[in-house]
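Please open the structure in your viewer and keep the sequence panel visible beside it. The tour below proceeds by selections, each followed by a short account of what is found there.

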Amino acid sequence: STVFDGMKLFIKRAFTVSIDADGESKNVPIVKGTVADAIEKSGIKLGADDIVVPSLDSKLIGFTKIKISRVSYKTKKEKESVDFETKIIPSGDMYIDEEVIVTPGVKGEKTVIYTEKYVDGVLDEKKVISERTVKKPVDQVKKVGTKKRATLAAFKNTSAPISDLSVPSDLKLDENGIPVEYAYCVSGKAT
């Protein structure tokens, strides 16, 4: 076409779009289009899972900055321990502050398969795909006392105790709450 006098000309000026990908920044001159057009013009290849900001269908305006984050996945298989449960058996033959391990607990083991998602080489997400128990845990069985200990109390012409002391576990008492064995007896008067 020929340019003639009085003809209207429209000049479309190219603008620069900056694309950050793979640790580098690339400037691409473009007149119009979308983010996808700018990436295609730059020659950068996108992976199926790569993240592009702004989105590929976004219209370009002057000096748009585009960020491409590379996404990759890895599958990992790990062995993990499985905690055991503790089962409690109440026992009226034992005092409240006493307990005995009847069966010691043993941890189990399981194989776990994970999918790890990496964005630009940095772990972003970890999901469990499957778990398989290799060795079941053995529950710990604990016998716990429920019997209350007798309280030592001295009485003086009344049925109200003077003291509410707890009896030590190694002190043996008769049916009236009086110590059976002792090294010496102290007697006296309190005021």
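Is K110 buried or exposed? The model is a predicted one, and in it K110 has a relative accessibility of 18%. Because the limit for a buried residue is under 20% relative accessible area, K110 counts as buried.

**The whole chain**

Begin with a cartoon view of the entire protein. The protein contains 1 helix and 12 strands. Followed along the sequence, the elements come in the order β-β-α-β-β-β-β-β-β-β-β-β-β. Now switch to a surface view. The accessible surface of the protein amounts to about 14,900 Å², and 53% of it belongs to carbon and sulfur atoms. Of the 191 residues in the protein, 22% are buried. Among contacts with a separation of 6 or more, 57% are between residues 24 or more positions apart.

**Strand β1 and its partners**

Select residues 15–21, which form strand β1. Of the 7 residues in this strand, 6 are buried, so that β1 is mostly covered. Add β2 (24–30) to the selection. Strands β1 and β2 run antiparallel and are joined by 7 bridges. One place to look is A21, whose bridge partner in β2 is E24. The hairpin of β1 and β2 has 2 residues between the strands, and D22 there takes a positive phi near 55°.

Next, select strand β4, residues 65–69. Strands β1 and β4 are joined by 3 bridges and run parallel. Here S18 has K65 as its bridge partner in β4.

**The loop after β2**

Select K32, which is placed in the loop between β2 (24–30) and α1 (35–42). K32 counts as exposed because its relative accessibility is 60%. Then add K59 to the view. The two residues are 27 positions apart in sequence, and their C-alpha atoms are 8.0 Å apart in space.

**Salt bridges**

Show side chains for the charged residues. Side chains of opposite charge can pair when their charged atoms come close. The structure holds 12 salt bridges, and several of them are visited here.

- Select D120 and K67. They form a salt bridge in which the closest N and O atoms are 3.4 Å apart. This pair links distant parts of the chain, with D120 in the loop between β8 (108–119) and β9 (122–135) and K67 in strand β4, 53 residues apart. D120 counts as partly exposed at 38% relative accessibility, and K67 is partly exposed with a relative accessible area of 38%.
- Select K107 and D83. Their salt bridge has its closest N and O atoms 3.4 Å apart. K107 lies in the loop between β7 (99–103) and β8, while D83 lies in the loop between β5 (71–82) and β6 (86–95), so the pair ties together parts that are 24 residues apart in sequence. K107 counts as partly exposed at 44% relative accessibility, whereas D83 counts as exposed at 53%.
- Return to K110 and add E131. The side chains of K110 and E131 meet in a salt bridge with an N to O distance of 3.1 Å. Because K110 lies in strand β8 and E131 in strand β9, the pair ties together parts that are 21 residues apart in sequence. K110 counts as buried, whereas E131 is partly exposed with a relative accessible area of 49%.
- Select D22, D50 and R70. These residues are linked in a network of salt bridges.

**Charges over rings**

How many aromatic pairs does a search of the whole structure find? The search finds 0 aromatic pairs. Rings do, however, have charged partners to inspect. Select K74 and Y118: K74 lies over the face of Y118, at 4.9 Å from the ring centre. Then select K147 and Y95: the charged end of K147 sits over the ring of Y95, 4.6 Å from its centre.

**The final stop: K76**

Select K76, which is placed in strand β5. K76 is partly exposed, with a relative accessible area of 36%. Leaving aside residues up to four places away in sequence, K76 touches V112, I113, Y114, E116 and Y118. Finally, add K126 to the selection. The C-alpha atoms of K76 and K126 are separated by 9.8 Å, and the two residues are 50 residues apart along the chain.

Technical notes
Residues are numbered from 1 along each chain as its sequence is written. This is a predicted model: local features need pLDDT of at least 70, side-chain atom pairs count only at pLDDT 80 or more; totals for chains, interfaces and linings use all residues. Side-chain values use heavy atoms; hydrogens and water are left out. Helices (H or I, at least four residues) and strands (E, at least two) are DSSP runs, numbered from the N terminus. Buried means under 20% relative accessible area, exposed over 50%, partly exposed in between (1.4 Å probe, protein chains only). Two strands pair if DSSP finds at least two bridges between them. Contact means heavy atoms within 4.5 Å. Accessible areas come from the Shrake-Rupley method with a 1.4 Å probe; for residues, only the protein chains shown count as cover. A salt bridge is a side-chain nitrogen of Lys or Arg within 4 Å of a carboxyl oxygen of Asp or Glu. Rings of Phe, Tyr and Trp (its six-membered ring) pair if their centres lie within 6.5 Å; planes under 30 degrees apart count as stacked, over 60 as edge-to-face and the rest as tilted. A charge sits over a ring if NZ of Lys or CZ of Arg is within 6 Å of the ring centre and within 35 degrees of the ring normal.
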